[in-house]
Amino acid sequence: ACPACGFVAYVNPRMVVTTLPVTERGEVVLLRRGFEPGRGSWAQPGGFLEIDETVSEAAIRETFEETGLIVEPGQIVGLYTRLEAAVVVIAFESKILGGAFRTNPEALEIAAFRPADIPWPGIAFRTSELALRDWLRLRHPDVLAGLPTDRG
């Protein structure tokens, strides 16, 4: 806020829209990030919501841009906050309709993981870990039961 004129400039978090693309075999698709933050670590595809699109449109666009997959967003797995990045993250479970893995500068590697084989030590963000755990809670509670507790 400006003490001279009283103008207030609001700094609000931005919306990040992500997907957990699920293969016909029930595997979840993750990408190895090509950019910081989290370069070299695993995360779900996603990015910033643009001013002229819905969250579903952003989920479809970001997933295609980062992986080459065409998805249909389904159930919202969760809504998360990353205070250190000033973002709110929405994660959709998504059905893969088509396309093929296509690496690019944003995604150095793309892989589908069985629920029991998610590379937990290499997950980039706390929000990604939470989304994956919430997805497991919905679809594979038996796998979730065998994992160590959340890291906090």
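Q: Let's start with a charged pair in this predicted model. Which side chain meets glutamate 93 in a salt bridge?

A: Happy to begin there. Side chains of opposite charge can pair when their charged atoms come close. Here the side chains of glutamate 93 and arginine 139 form a salt bridge, with 2.8 Å from N to O. The two partners come from distant parts of the chain: glutamate 93 belongs to strand 6 and arginine 139 to helix 2, 46 residues apart.

Q: Is glutamate 93 buried or exposed?

A: Glutamate 93 counts as buried because its relative accessibility is 15%, and buried means under 20%. Its partner, arginine 139, is partly exposed at 37%.

Q: How many salt bridges does a search of the whole structure find?

A: The search finds eleven. Another one joins the side chains of glutamate 84 and arginine 82, at 3.2 Å from N to O. In this pair glutamate 84 is exposed, with 64% relative accessibility, whereas arginine 82 is buried at 14%.

Q: How should I read the salt bridge between arginine 126 and glutamate 129?

A: Look at the spacing along the helix. Arginine 126 and glutamate 129 are three residues apart in helix 2, so about one helical turn separates them. Their closest N and O atoms are 3.4 Å apart. Arginine 126 is partly exposed, with a relative accessible area of 26%, while glutamate 129 is buried at 4%. Salt bridges can also share partners: Glu53, Arg61, Glu62 and Glu65 are joined into one network in this way.

Q: Now for the nonpolar side. Which residues have the most contacts inside the largest nonpolar core?

A: The general idea comes first. In soluble globular proteins, nonpolar side chains tend to be buried together. In this model, the largest nonpolar core has 22 residues, and Ile118, Leu132 and Trp135 have the most contacts inside it. Several elements give two or more residues to this core, among them strand 1 (14-22), strand 5 (69-82), strand 7 (107-113) and helix 3 (141-145). Helix 2 gives the most, with four residues.

Q: What does leucine 132 touch?

A: Setting aside residues up to four places away in sequence, leucine 132 touches Leu20, Val28, Leu30, Ile118, Trp120 and Ile123. There is also a second, separate core of six residues, including Leu31, Val71, Ala107 and Ile110.

Q: How many residues of strand 1 are buried?

A: Seven of its nine residues are buried, so to speak of strand 1 as mostly covered is fair.

Q: And in which sense does strand 1 pair with strand 6?

A: For any strand pair, check both the direction and the bridges. Strand 1 and strand 6 pair in the parallel sense, over nine bridges. Strand 1 also runs antiparallel to strand 4 (residues 46-48), to which three bridges join it. Valine 17 is a handy residue to follow: its bridge partner in strand 6 is isoleucine 90, and its bridge partner in strand 4 is glycine 47.

Q: Which residues make the nonpolar surface patch?

A: Phe64, Ile70 and Leu97 make a patch of about 270 Å². Phenylalanine 64 sits in helix 1 (residues 55-67) and is partly exposed, with a relative accessible area of 39%.

Q: Let's turn to the backbone. Where is the cis peptide bond?

A: Read the omega angle. The cis bond joins glutamate 36 and proline 37, with omega at about 0 degrees. Proline 37 is in the loop between strand 2 and strand 3 (42-43).

Q: What is notable about the phi of alanine 86?

A: Its phi is positive, about 55 degrees, although alanine 86 is not a glycine. Alanine 86 lies in the loop between strand 5 and strand 6, and it counts as partly exposed at 41% relative accessibility.

Q: One last residue: where is phenylalanine 7?

A: Phenylalanine 7 lies in the segment before strand 1. With 56% relative accessibility, phenylalanine 7 counts as exposed. Leaving out neighbours within four places in sequence, phenylalanine 7 is in contact with Ala1 and Cys2. The C-alpha atoms of phenylalanine 7 and leucine 130 are separated by 38 Å, and these residues are 123 residues apart along the chain.

Key:
Residues numbered from 1 in each chain as written. Predicted model: local features only at pLDDT ≥ 70, side-chain atom pairs only at ≥ 80, totals over all residues. Heavy atoms only, no water. Patch = residues over 30% accessible without salt bridge, like charges linked within 9 Å, V, L, I, M, F, W, Y side chains within 5 Å. Areas by Shrake-Rupley, 256 points an atom, 1.4 Å probe, with all protein chains shown as cover. Salt bridge = Lys/Arg side-chain N within 4 Å of Asp/Glu carboxyl O. Buried < 20%, exposed > 50% of the residue type's maximum accessible area, 1.4 Å probe, protein only. Core = buried A, V, L, I, M, F, W, Y, C linked by side-chain atoms within 4.5 Å. Contact = heavy atoms within 4.5 Å. Pairing = 2+ DSSP bridges.
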